[in-house]
Amino acid sequence: ALMITDECINCDVCEPECPNDAISPGEEIYIINPNLCTECVGHFDEPQCQQVCPVDCIPLDPARKETQQQLLEKYRIITAA
Ligand code: SF4
Ligand code: SF4
């Protein structure tokens, strides 16, 4: 999963781009629900939020490193629900 750092300027550009509705406005900055973020695997070749973020504040979450296989499995579970 990806994560949003405190450099976020709350511009709201990323939220509508997420195919999994994983992004939402948090109390101070936007947040990503790691259980819903597939790093866009299954939908797109590149993480869409990273493509649009004007301040590049959406890195990989080091606490949630996943393989392509795990991300694809998450995609299958989300889209089956
Ligand atoms: Fe959503 Fe894709 Fe960004 Fe994850 S990488 S938060 S799935 S847009
Ligand atoms: Fe924050 Fe970047 Fe999303 Fe804008 S695009 S709300 S700066 S994470």
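Here are some short exercises on a predicted model of a protein chain with its ligands, each with a worked solution.

**Exercise 1. Work out how many helices and strands the protein chain has, and in which order they come.**

Start with the count: there are two helices and two strands. Next, read from the N terminus, and the order comes out as β-β-α-α. Now put some residue numbers on them. Strand β1 covers 23-25, while β2 covers 30-32 and helix α1 covers 48-52. Helix α2 takes in residues 68-80.

**Exercise 2. Decide how the chain's compactness compares with that of a globular protein of its length.**

Step one is the radius of gyration, which is 12 Å for this chain. Step two is the value to hold it against: the globule rule gives 12 Å for 81 residues. The two are close, so the chain is as compact as a globular protein of that length.

For a feel of the dimensions, the C-alpha trace spans about 30 × 25 × 25 Å along its principal axes. Then look at the surface: the accessible area is about 5100 Å², and carbon and sulfur atoms account for 49% of that. As for the inside, 32% of the 81 residues count as buried.

One last step deals with contacts. Take those between residues at least 6 apart in sequence; 65% of them join residues at least 24 apart.

**Exercise 3. Describe what surrounds each of the two ligands.**

Let's take ligand 1 to begin with. Its shell is made of L2, C18, P19, N20, I23, I32, C37, T38, E39, C40, P47 and C49. Sort these by class and you get nine nonpolar, two polar and one charged.

Now turn to ligand 2, which has 13 residues around it. The ones that come nearest are C8, I9, C11, C14 and C53. Sorting this shell gives eleven nonpolar residues, one polar and one charged.

**Exercise 4. Find how many disulfides the structure holds, then say whether C11, C37 and C40 are buried or exposed.**

A disulfide is a covalent bond between the sulfur atoms of two cysteines. Look for such pairs here and the tally is zero.

On to the three cysteines. The cut-off for buried is under 20% relative accessible area. C37, at 8%, is below that, so C37 counts as buried. C40 has 7%, so C40 is buried too. C11 has 35%, and that makes C11 partly exposed. Remember from the ligand exercise that C37 and C40 sit in the shell of ligand 1, whereas C11 belongs with ligand 2.

**Exercise 5. Take the charged residue K74 and work out where it lies, whether it is buried or exposed, and what it touches.**

First, place K74: it is in helix α2. Second, check its accessibility, which is 12%, so K74 counts as buried. Third, list its contacts, leaving aside neighbours within four places in sequence: A1, P34, N35, L36, C37, T38, R64 and E66. Two of these, C37 and T38, also turn up around ligand 1.

Finally, try a distance. K74 and I23 are 51 residues apart along the chain, and their C-alpha atoms are separated by 16 Å.

**Exercise 6. Compare separation along the chain with separation in space for D6 and F44, and for R76 and C57.**

Begin with D6, which is in the segment before β1. At 70% relative accessible area, D6 is exposed. D6 and F44 are 38 residues apart in sequence, and 26 Å apart from C-alpha to C-alpha.

Then take R76, a residue of helix α2. It is partly exposed, with 45% relative accessibility. R76 and C57 are 19 residues apart along the chain, with 27 Å between their C-alpha atoms.

**Exercise 7. Say what is notable about phi in D12 and C40, and where these residues lie.**

Check D12 to start: its phi is near 70 degrees, a positive value in a residue other than glycine. D12 is in the segment before β1, and a relative accessible area of 35% makes it partly exposed.

C40 also has a positive phi without being glycine, here near 75 degrees. This residue lies in the loop between β2 and α1.

Technical notes. Residues are numbered from 1 along each chain as its sequence is written. Chains are lettered from A and ligands numbered from 1 in the order in which they are written. This is a predicted model: local features need pLDDT of at least 70, side-chain atom pairs count only at pLDDT 80 or more; totals for chains, interfaces and linings use all residues. Side-chain values use heavy atoms; hydrogens and water are left out. A residue is near a molecule or strand if one of its heavy atoms lies within 4 Å of it. Ala, Val, Leu, Ile, Met, Phe, Trp, Tyr, Cys and Pro count as nonpolar, Asp, Glu, Lys and Arg as charged, and the others, Gly among them, as polar. Helices (H or I, at least four residues) and strands (E, at least two) are DSSP runs, numbered from the N terminus. The radius of gyration is taken over C-alpha atoms; the globule rule is 2.2 Å times the number of residues to the power 0.38. Buried means under 20% relative accessible area, exposed over 50%, partly exposed in between (1.4 Å probe, protein chains only). Contact means heavy atoms within 4.5 Å. Accessible areas come from the Shrake-Rupley method with a 1.4 Å probe; for residues, only the protein chains shown count as cover. A disulfide is a pair of cysteine sulfur atoms within 2.5 Å.
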